Amino acid sequence: MRERLTDGLYGLGWSTVKKLPEPAAAALGRTIADIAWKRRGKSVLRLESNLARVVPDAGPERLAELSKAGMRSYMRYWMESFRLPTWSAERVTDNVQIKGAHYLTDGVASGRGVIVALPHLANWDLAGVWVTRTLGVPFTTVAERLKPETLYDRFVAYRESLGMEVLPHAGGSAFGTLARRLRAGGLVCLVADRDLSASGVEVKYFGESARMPAGPAMLAQQTGALLLPVTLWYDEAPVMRGQIHPPVEVPETGTKDEKTSSMTQALADAYATGIAEHPEDWHMLQRLWLADLEERPL
């Protein structure tokens, strides 16, 4: 019953929110965010706990301000995402400004293959639409298997409608397909700042241990593709901004695991820079650091 309700709510969002006038949709998002923030549920408390690592000097009032702004940013992501299928290419171009775009365009033009790796900052779906519609470059990504299956199908259909090739995260076939796309000179985009699996790479993140996916670094090593960290943020304008950081190079020496660890740490460092500058746009409402995971009973 709960899964059917969740699926129904997302379906309502995609069918109804995109039909609302822009001011009404934005106001609805803020209202939902403020209600969720006032309830002080587990997600809001976890967000504040995560932000306390990012802004260690912040007191309770400052953390509350950041978490309220964070929930509004998170709901802005959803309101935008529900409406993205109706956005024209011109509107996407006008509403997204990315610094360092030459790293991406030059990499794609070289035929080398490019991996874009980014954290849960601002609206990564909108960034993807900017790539497909403004730059005219198709790309491949992966999506977590959601329950119920109908909800997963909704997300896949939504992202495919935006010009993305979507592979299921579960199973080992996704990695091989991504590698083939890269060897053919294609583009792969991955949200890669949280990994709770046994294969995750341990990194130092804001001074504490966390795990991040090994996939981006391993793909770069196996295919020779360019690995680009990306951070995103909002400001007071309706425009979303972003930064494509310089490539993470494969170390010349070391074992495969050592190279993977070094490259994943470099990604984490780039993410941390963007998150520290725009903590209110970091949508991390789950446990991330190993110290928090160890709180759970066996």
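## Close-up views of a predicted model

Leaving aside neighbours within four places in sequence, Glu48 is in contact with Trp37, Arg40, Leu63, Ala64 and Ser67. This opening view, like those that follow, comes from a predicted model.

**Figure 1. Glu48 and the residues around it.** Let us begin with one side chain and its surroundings. Glu48 belongs to helix H3, which covers residues 42-54. Is Glu48 buried or exposed? Glu48 counts as buried because its relative accessibility is 11%, and the limit for buried is under 20%. One of the residues in contact with Glu48 is Arg40, and the side chains of Glu48 and Arg40 are joined by a polar contact of 2.6 Å.

**Figure 2. The whole protein, as a map for the close-ups.** Stepping back for a moment helps to place the other views. The protein contains 12 helices and 9 strands. Of its 298 residues, 48% are buried. How much of the contact network links residues 24 or more positions apart? Among contacts with a separation of 6 or more, such residues account for 75%.

**Figure 3. Strand E2 and its two parallel partners.** Strand E2 spans residues 114-118, and 5 of these 5 residues are buried, so the strand is largely enclosed by the rest of the structure. Try following the side chains along the strand. Val114, Val116 and Leu118 point one way from E2, while Ile115 and Ala117 point the other way. This fits a general pattern: in a regular strand, side chains alternate between the two faces of the sheet. Which strands pair with E2? One is strand E5 (residues 187-191), which pairs with E2 in the parallel sense over 5 bridges. Within that pairing, Val116 has Cys189 of E5 as its bridge partner. Another is strand E8 (residues 226-234), which also runs parallel to E2 and is joined to it by 4 bridges. Here the bridge partner of Val114 is Leu226 in E8.

**Figure 4. Ala122, a residue with a positive phi in the loop after E2.** Continuing along the chain from E2, we come to the loop between E2 and helix H7 (124-134), where Ala122 lies. What is the phi of Ala122? Its phi is positive, about 50°, although Ala122 is not a glycine. Ala122 is buried because its relative accessible area is 0%, against a limit of under 20%.

**Figure 5. The hairpin of E6 and E7.** Strands E6 (residues 201-205) and E7 (residues 208-212) run antiparallel and are joined by 5 bridges. In this pairing, Val201 stands opposite Met212 of E7. The hairpin has 2 residues between its strands. Look for Phe206 in the loop between E6 and E7. Although not a glycine, Phe206 has a positive phi of about 55°. Is Phe206 buried or partly exposed? Phe206 counts as partly exposed because its relative accessibility is 22%, and buried would require under 20%.

**Figure 6. Trp282 in the largest nonpolar core.** The largest nonpolar core has 86 residues, and those touching the most other members are Leu104, Leu187, Tyr205, Leu232 and Trp282. Helix H4 (residues 60-83) gives this core its largest share, 8 residues. Which residues does Trp282 touch? Not counting residues up to four places away in sequence, Trp282 touches Leu47, Asn50, Leu51, Val54, His120, Leu121, Asp193, Tyr205, Ile275, Leu288 and Trp289.

**Figure 7. The second largest pocket.** Rolling a probe the size of a water molecule over the atoms shows where empty space is left. The second largest pocket has a volume of about 630 Å³. Which of its 23 lining residues are closest to its centre? They are Arg30, Arg72, Arg76, Tyr234 and Asp235. Helix H2 (22-39), H4 and helix H5 (89-95) each supply at least two residues of the lining. The largest share of that lining, 8 residues, comes from H4.

**Figure 8. Ala143 and Phe155, a pair of positions in sequence and in space.** Our last view starts in strand E3 (residues 139-143), where Ala143 lies. Ala143 is buried because its relative accessible area is 9%, and the limit is under 20%. How far apart are Ala143 and Phe155? They are 12 residues apart in sequence and 8.1 Å apart in space, C-alpha to C-alpha.

How values were computed. Residues numbered from 1 in each chain as written. Predicted model: local features only at pLDDT ≥ 70, side-chain atom pairs only at ≥ 80, totals over all residues. Heavy atoms only, no water. Pairing = 2+ DSSP bridges. Core = buried A, V, L, I, M, F, W, Y, C linked by side-chain atoms within 4.5 Å. Buried < 20%, exposed > 50% of the residue type's maximum accessible area, 1.4 Å probe, protein only. Contact = heavy atoms within 4.5 Å. Polar contact = N/O pair within 3.5 Å; in protein donor to acceptor, adjacent residues only side chain to side chain. 1 Å grid on protein atoms, 1.4 Å probe; cavity = no way out; pocket = protein on both sides within 12 Å on 5 of 7 lines; lining within 4 Å. Points joined across faces, edges and corners; volume = space filled by probe spheres on them.
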